[in-house]
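I wanted a first look at the overall form of this protein, and then at one stretch of its strands. My entries follow the order in which I looked things up.

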Amino acid sequence: SARQARREFLEKVARENGFSHIALGHHQDDQAETFLHRLLRGAGVSGLAAMAMQKGAYVRPLLHFSRSQIRAYLAEKELAFVEDASNASLEFTRNRIRHQVLPLLHTFNPRIEEHLGRLCDRLAVEEDYWGTVVAQERERLAHRFEGGLWLDRGECLKLHPAMRRRLIRGVLEELRGDLRGISSSHLESVDSLLAGSRSQADCALPGAWVARRYRRLLFCSEPPVPCRPYALEIPGPGRYALPTGEQLVVSLVQQPLGEGPCAVEFDGGRVAFPLTVRTFRAGDRFSPSGMRGTMKLKDFFINEKIEREARSRLPLVVGPGILWVAGVRRCGGFRSRPGGGRVLRIEMHGWQMATIGL
């Protein structure tokens, strides 16, 4: 929070004075400490590139100079400097690295800061290359929708694991705006979600929710809000508004008019009012058209690859059993026949499958 407050102040001053760049005082020793700090926290290769010479308006002109070189210059020019007293406290991890770890490493290599700084430079060059390549792949493979992005699982699995994880990282950065709090273990969790055997699973990350839904990997800022269960009685023909925004239109007609994804017809002499339209309940069974016998509705959803978010929202028209999983499949019985008497026709208006991102 303090870092963010400092940056907001610096950016405000830059805007007010028309400055194009903001110079920070990080030096080679700071870079070595940052590298070791991130290494201890389990950062990936991208994180080990440490601080960039330039990122946006921020520049670090002293990054290739050591603390001792800077102090020697100040002494030569008789310039004073101020050091934060908290820099001496061993309560902070970075200070323990500065005062304990680096002096120990000096016994192995007196130029350890210089060598770690050069390593960070090499990693930064590679990261710059990867950034361009990953941006191209992200543009090719990431599908954007209101609330997030999604990737096609099959396309992702064709990628080399190194590219795949960097693509995941790039999508998370686009979603969140930054990667603060995202570690290599988080990227591994998402990659396991993508490559694993479970067709529907999810994981919560700092500032993001990632879910596998069959052939799609979803990236959202937060998990979707599930539909609240409801049950609405249908006492007779009419137009009924559902809590999810759709309308159920029920009528009795003399001849079949034809069925479709959002319209079904039943023998009016065998299906009587009242009916019920409701959401899924544990233990529901269904006799889908085209199959013999009944099956658990949950198993039907799995067979049809209906995503979890859609399952909780699908309207079920219930009379003598589940007559219609709206927009998906009718039951196998109670069919209307030409010349067979009145036809019970049920239509769903304004229906759209509750599938995230589509």
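These notes go from the whole chain to a group of neighbouring strands.

Entry 1, overall form. I began by noting that the model is predicted, and then looked up its secondary structure, which comes to 11 helices and 19 strands. The radius of gyration is 31 Å, well over the 21 Å that the globule rule gives for 358 residues, so I take the protein to be more spread out than a compact globule. The C-alpha trace, taken along its principal axes, spans about 105 × 45 × 35 Å.

Entry 2, burial, surface and charge. I found that 41% of the 358 residues count as buried, and that the protein exposes about 20100 Å², of which carbon and sulfur atoms supply 54%. For the charged side chains I noted 53 positive and 40 negative, with the centres of the two sets 7 Å apart. Among contacts between residues at least 6 apart in sequence, 64% join residues at least 24 apart.

Entry 3, strand 17. I looked up residues 321–325 and found that 4 of the 5 are buried, so strand 17 is largely enclosed by the rest of the structure. Strand 16 (residues 316–319) runs antiparallel to strand 17 and is joined to it by 4 bridges, with Val 318 opposite Ile 322, and the two strands form a hairpin with 1 residue between them.

Entry 4, on to strand 18. Strand 17 is also joined by 2 bridges to strand 18 (residues 329–330), again antiparallel, and here I noted Val 325 opposite Arg 329. This hairpin has 3 residues between its strands, and Gly 327 in the turn has a positive phi of about 80 degrees.

Technical notes:
Residues numbered from 1 in each chain as written. Predicted model: local features only at pLDDT ≥ 70, side-chain atom pairs only at ≥ 80, totals over all residues. Heavy atoms only, no water. Rg over C-alpha atoms; globule rule 2.2 N^0.38 Å. Buried < 20%, exposed > 50% of the residue type's maximum accessible area, 1.4 Å probe, protein only. Contact = heavy atoms within 4.5 Å. Areas by Shrake-Rupley, 256 points an atom, 1.4 Å probe, with all protein chains shown as cover. Lys, Arg positive; Asp, Glu negative; His and termini not counted. Charge placed at Lys NZ, Arg CZ, Asp CG, Glu CD. Pairing = 2+ DSSP bridges.
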